Amino acid sequence: TTLFRSPNRSPNQQGGGFFSGVLTALTAVAVVLLVYHWSSRESEHDLLVHKPVAKWTPEEVMLWLEQLGPWAASYKERFLIERVNGRLLLTLTEEDLLKIPYSIENSSHRKAIKTDRKST
């Protein structure tokens, strides 16, 4: 049995090498998954750029709101409850955004939503 053992390593060191290799492999898999996740988020944004706003689903409207910035996060739930898709988003006026159910009181936020949806 000593023929297969490295002369400079004890049995405990060989086992540690196995676990170190497994840990390295798991770390590599985690890095690949994170890179894939980040790149898929970018491709979702690219998809929105190339897809007409009128064809956006409510989920894509949520993604668009996320990309407007942290200030828009508080409005996501309102848009989701109303199932705002791209076609409805295009019809909303600044006055609509001020009223219930959207109740966006900040005029800068209303203007930013109205302006950005047209430039996308």
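Student: How many residues of the protein are there, and what percentage of them count as buried?

Tutor: In this predicted model, 23% of the 120 residues of the protein count as buried. The protein holds 6 helices and 0 strands, and from the N terminus on its elements run α-α-α-α-α-α. Among contacts between residues at least 6 apart in sequence, 47% join residues at least 24 apart.

Student: Which residues of α2 are buried?

Tutor: Here is the general idea to hold in mind when reading a helix: an α-helix has 3.6 residues a turn, so residues three or four places apart point the same way. In this structure α2 is mostly covered, with 8 of its 11 residues buried, and those buried residues are P58, E60, V61, M62, L63, W64, L65 and L68. Just after α2, G69 takes a positive phi of about 135°.

Student: At what angle do the axes of α2 and α3 cross, and which residues make the contact?

Tutor: The angle between two helix axes is read along their N-to-C directions, and a value over 145 degrees counts as roughly antiparallel. The axes of α2 and α3 come within 10 Å and cross at roughly 165°, which means that α2 is roughly antiparallel to α3. The crossing of these two helices, α2 and α3, is right-handed. On the α2 side the contact is made by V61, M62, L65 and E66, and on the α3 side by Y75, K76, F79 and L80. By class, the residues of this contact of α2 with α3 divide into 6 nonpolar, no polar and 2 charged.

Student: How many salt bridges does a search of the whole structure find, and how should I read one?

Tutor: Side chains of opposite charge can pair when their charged atoms come close. A search of the whole structure finds 4 salt bridges, and one of them joins K76 and E66, whose closest N and O atoms are 2.9 Å apart. K76 lies in helix α3 (residues 73–81) and E66 in helix α2 (residues 58–68), so this pair ties together parts that are 10 residues apart in sequence. K76 counts as partly exposed at 23% relative accessibility, and E66 is also partly exposed, with a relative accessible area of 34%. K76 and E66 both appear in the list of residues that make the contact between α2 and α3.

Student: Are E60 and K51, which also form a salt bridge, buried or partly exposed?

Tutor: The closest N and O atoms of E60 and K51 are 2.9 Å apart. E60 counts as buried, because its relative accessibility is 15% and the cut-off for buried is under 20%. K51, with a relative accessible area of 24%, is partly exposed.

Student: Which parts of the chain does the salt bridge between R110 and E94 link?

Tutor: The closest N and O atoms of R110 and E94 are 3.9 Å apart, which can be set beside the cut-off of 4 Å for a salt bridge. The pair links distant parts of the chain, with R110 in helix α6 (residues 107–119), E94 in helix α5 (residues 94–98), and their positions 16 residues apart in sequence. R110 counts as buried, at 10% relative accessibility.

Student: What surrounds H109, and how far is H109 from E94?

Tutor: H109 is found in helix α6 and counts as buried, at 18% relative accessibility. H109 and E94 are 15 residues apart in sequence, and 9.7 Å apart in space from C-alpha to C-alpha. Leaving aside its neighbours within four places in sequence, H109 is in contact with W71, Y75 and I104. Of these, Y75 belongs to α3 and takes part in the contact with α2.

Student: Which peptide bond is cis, and where are the positive phi values of R83 and S103 found?

Tutor: Backbone angles are best read residue by residue, together with the element or loop in which each residue lies. A cis peptide bond joins I100 and P101, with omega about 15°, and P101 is found in the loop between α5 and α6. The loop between α5 and α6 also holds S103, which has a positive phi of about 50° although it is not a glycine. S103 is partly exposed, with a relative accessible area of 26%. R83, likewise a residue other than glycine, has a positive phi near 55° and is found in the loop between α3 and α4 (86–91). R83 has a relative accessible area of 44% and is partly exposed.

Methods:
Residues are numbered from 1 along each chain as its sequence is written. This is a predicted model: local features need pLDDT of at least 70, side-chain atom pairs count only at pLDDT 80 or more; totals for chains, interfaces and linings use all residues. Side-chain values use heavy atoms; hydrogens and water are left out. A salt bridge is a side-chain nitrogen of Lys or Arg within 4 Å of a carboxyl oxygen of Asp or Glu. Buried means under 20% relative accessible area, exposed over 50%, partly exposed in between (1.4 Å probe, protein chains only). Helices (H or I, at least four residues) and strands (E, at least two) are DSSP runs, numbered from the N terminus. Axes are lines fitted to C-alpha atoms, for helices over the stretch in contact, and angles run from 0 to 180 degrees between N-to-C directions. Angles under 35 degrees count as roughly parallel, over 145 as roughly antiparallel, 65 to 115 as roughly perpendicular and the rest as oblique. A crossing is left-handed if the near helix is turned anticlockwise from the far one by less than a right angle, and right-handed if clockwise. Contact means heavy atoms within 4.5 Å. Ala, Val, Leu, Ile, Met, Phe, Trp, Tyr, Cys and Pro count as nonpolar, Asp, Glu, Lys and Arg as charged, and the others, Gly among them, as polar.
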